[in-house]
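User: I have a new model open and would like to go through its sheets. Can you take me through them?

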Amino acid sequence: VIKCKAAVAWEAGKPLSLEEVEVAPPKAHEVRIKIIATAVCHTDAYTLSGADPEGCFPVILGHEGAGIVESVGEGVTKVKPGDTVIPLYIPQCGECKFCKNPKTNLCQKIRITQGKGLMPDGTSRFTCKGKQIYHFMGTSTFSEYTVVADISVAKIDAAAPLDKVCLLGCGISTGYGAAVNTAKVEPGSTCAVFGLGGVGLAVIMGCKIAGASRIIGIDLNKDKYAKAKEFGATECISPQDFKKPIQEVLVEMTDGGVDYSFECIGNVGVMRAALEACHKGWGVSVIVGVAAAGQEISTRPFQLVTGRTWKGTAFGGWKSVDSVPKLVTDYMSKKIKVDEFVTHTLPFDKINEAFELMHTGQ
């Protein structure tokens, strides 16, 4: 058993608490990882807020991490102690019907136990002050050591800087994949990206790499426009600057609508606007943001009858074990940006400050 520091969420709506936790050794088909770097994501904040129907407490959150394998359980063959890895919130077992289907990346092998905050055998590897602590998204990267299933880990280039590539565990991969895998943006196309946080910037990067000729960024926070343009946005607009709905503005700006739109916020009203900003006959709108539990989307069916397509994406459609090492290689060869997404680097004990910076859009 390893004793180490972890940021524990004891209950919903309260700041994280830095505690000493015990991390049990990995059981069969499990891997214990020394986490070197982790990022914070709105999904962590969503669960912490209490709005997540799958949220269990007390829990160690975090799902964008990178580290070094410390030890492996029985039967683990794909990684060994000392390997550099990224834990994966969407695993890839290679055996379930989802893994065998090229149309999806949503491996279901451990979905049920992962959703309950437990390892595949139905137990936890974390204890603190004598209490069992739940896992989160199968990763729990807000701990100096974590245990994950062996199908939830990608071995990556040992030379990669872990304080940067941890971001490929969720945000950057999600946005980039939404553009190149889910939407399959084509050269010369016109795109609209709603929400210019980390995921939105990654979508812009994907649209640019795919050859889009016009990329319109949409956000209420104008402080984000300069960064969006660095990533490839050709122009940025705020819905607050117009009297009419933003979808009508976009339809006028683009001679009938955009070819591709992306919702990167998790707001059902914006999801509708993103669909309705698409061009009749061929426009495709991709939902990337996660809305709160119980919310529903709406539009007039005529929007779809007249040739628009509404899609969603999880982790950018990447089959995780296969794709994450390639994304790291693409970053190392400067095909994709990663460093530019990092705004602040803080010590682990300032994790609550990191959440504050995220909530203020910084």
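Analyst: This is a predicted model. Strand β6 (residues 84–87) and β10 run antiparallel and are joined by three bridges.

User: Which residue is the bridge partner of Pro87 in β10?

Analyst: Pro87 is partnered with Val153 there.

User: What sheet are these strands in, and in what order?

Analyst: An open sheet of five strands, with the order β9-β3-β5-β6-β10 and antiparallel pairing. β9 (145–149) and β10 (153–155) are at the edges, and each has a single partner strand, so one side of each has no neighbour in the sheet. Ignoring direction, neighbouring strands here are turned by 45° against each other on average.

User: What holds paired strands together, in general?

Analyst: Strands of a sheet pair through backbone hydrogen bonds, and the pairing is either parallel or antiparallel.

User: Back to this sheet. How many bridges are there between β3 and β5?

Analyst: Eight, in the antiparallel sense, between β3 (residues 30–39) and β5 (residues 64–72). Within that pair of strands, Val31 has Val72 in β5 as its bridge partner.

User: And how many between β5 and β6?

Analyst: Two bridges, again antiparallel. Gly67 is the residue opposite Val85 in β6.

User: Does a record say anything on this part of the chain, and what does it cover?

Analyst: The UniProt annotation, from an unreviewed entry, reads "domain: Alcohol dehydrogenase-like N-terminal" and covers residues 28–156. In the model, that span is 13% helix and 30% strand, and its end C-alpha atoms lie 22 Å apart.

User: Different topic. What is the order of the strands in the sheet of six?

Analyst: That open sheet runs β13-β12-β11-β14-β15-β16, and its pairing is parallel. Its edge strands are β13 (235–237) and β16 (309–312), each of which pairs on one side only. From one strand to the next the twist averages 20°.

User: Take β11 and β12. How many bridges do they have?

Analyst: Five, in the parallel sense; β11 covers residues 190–194 and β12 covers residues 214–218. Cys191 stands opposite Ile215 in β12.

User: Which strands does helix α5 lie across?

Analyst: Helix α5 (residues 171–183) lies across β14 (260–263), β15 (284–287) and β16. The helix runs at about 135° to β14.

User: One last general point. Where do the side chains of a regular strand go?

Analyst: They alternate between the two faces of the sheet.

How values were computed:
Residues numbered from 1 in each chain as written. Predicted model: local features only at pLDDT ≥ 70, side-chain atom pairs only at ≥ 80, totals over all residues. Heavy atoms only, no water. Pairing = 2+ DSSP bridges. Helix = DSSP H or I, 4+ residues; strand = E, 2+ residues; numbered from the N terminus. Axes fitted to C-alpha atoms, helices over the stretch in contact; angles between N-to-C directions. Contact = heavy atoms within 4.5 Å. UniProt positions renumbered as here; feature names shortened; annotations may be inferred.
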